[in-house]
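The exercises below are meant to be worked through with the sequence and the 3D view side by side. Try each task before reading the solution that follows.

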Amino acid sequence: MAAEADGLLKRVLVPILLPEKCYDQMFVQWDLLHVPCLKSLLSKGLGLGIVAGSLLVKLPQVFKILGAKSAEGLSLQSVMLELVALTGTMVYSIINKFPFSSWGEALFLMLQTVTICFLILHYRGQTVKGLAFLAGYALVVLVLLSPLTPLAIITLLQASNMPSVIVGKETRDPLMAGTFVVSSICNGLIAAQLLFYWNAKAPHKKKKE
């Protein structure tokens, strides 16, 4: 029974949260205060927590658009710019084989942002254009991830998102670290705005005399 429980715990933790050597260090030798392994566990745990939280950042906005059957007030250009930044982060991370916990947030935010782009076009009466956009975007991502795209272009796309000044900890990459910090701050602001304006009613237009 104990062996089964140990095996289950190992499958859950390795390699998602801990390297196998750290699992052995902490749960076989019971060195629970081993500093390098604790840092790894906390770093990956925090990263996965942020990834999970990213699922809820834009979903309220998506549901509100669907409920109102309108995307009035949303700028397609602004949403597209955000999509470019998220795509750059995701592609750059996949190409460099960074751990999922460091870029999973960009993936889920990208999916939600693509959905919002489509809904904006759909509720403007441009559903066909929205479907074409989805197909075109998928094709662009495939090309960026393919060997056809030079690494220099991927790096430039990521670097253009923001000036990065913080050295990455989990990926050891300054571009990823800077983007990650700013993205988290902006996502928090978006979520706060959604909560604040969730029940706000649009001002009634004055009746013409």
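**Exercise 1.** Decide whether Glu82 and Lys58 are each buried, partly exposed or exposed, bearing in mind that the model is a predicted one.

*Solution.* Begin with Glu82, whose relative accessible area is 23%. Buried means under 20% and exposed means over 50%, so Glu82 falls in between and is partly exposed. Next take Lys58, which has a relative accessible area of 3%; this value is under 20%, and Lys58 is therefore buried.

**Exercise 2.** Find how many salt bridges a search of the whole structure gives, and describe where the partners sit in the chain.

*Solution.* The search of the whole structure finds one salt bridge. Glu82 forms a salt bridge with Lys58, and the closest N and O atoms of the two are 3.0 Å apart. Then place the partners along the chain: Glu82 belongs to helix 5, while Lys58 is in the loop between helix 3 (35-54) and helix 4 (59-68). The two residues are 24 residues apart, and the pair thus links distant parts of the chain.

**Exercise 3.** Work out which residues accompany Ile95 in a nonpolar surface patch, and explain why Ile95 can be counted in such a patch.

*Solution.* First locate Ile95, which lies in helix 5, a helix covering residues 76-95. The patch on the surface is formed by Ile94, Ile95, Leu145 and Leu151, which together have about 280 Å² of accessible area. Ile95 meets the exposure condition for a patch because its relative accessible area is 31%, and the cut-off for patch residues is over 30%. Ile95 is described as partly exposed.

**Exercise 4.** Describe the surroundings of Leu107, starting from its helix.

*Solution.* Leu107 is found in helix 6, which spans residues 100-122. Leaving out residues up to four places away in sequence, Leu107 touches Met90 and Phe100. Thr89 is 18 residues from Leu107 in sequence, and their C-alpha atoms are 8.7 Å apart in space.

**Exercise 5.** Summarise the whole protein in terms of its elements, its buried residues, its contacts and its surface.

*Solution.* Start with the elements: the protein has nine helices and zero strands. Turning to burial, 34% of the 209 residues count as buried. Among contacts with a separation of 6 or more, 62% are between residues 24 or more positions apart. Finally, the accessible surface of the protein comes to about 13,400 Å², with 70% of it belonging to carbon and sulfur atoms.

Technical notes:
Residues are numbered from 1 along each chain as its sequence is written. This is a predicted model: local features need pLDDT of at least 70, side-chain atom pairs count only at pLDDT 80 or more; totals for chains, interfaces and linings use all residues. Side-chain values use heavy atoms; hydrogens and water are left out. Patches are made of residues with over 30% relative accessible area and no salt bridge: like charges are joined within 9 Å, nonpolar side chains (Val, Leu, Ile, Met, Phe, Trp, Tyr) within 5 Å. Accessible areas come from the Shrake-Rupley method with a 1.4 Å probe; for residues, only the protein chains shown count as cover. A salt bridge is a side-chain nitrogen of Lys or Arg within 4 Å of a carboxyl oxygen of Asp or Glu. Helices (H or I, at least four residues) and strands (E, at least two) are DSSP runs, numbered from the N terminus. Buried means under 20% relative accessible area, exposed over 50%, partly exposed in between (1.4 Å probe, protein chains only). Contact means heavy atoms within 4.5 Å.
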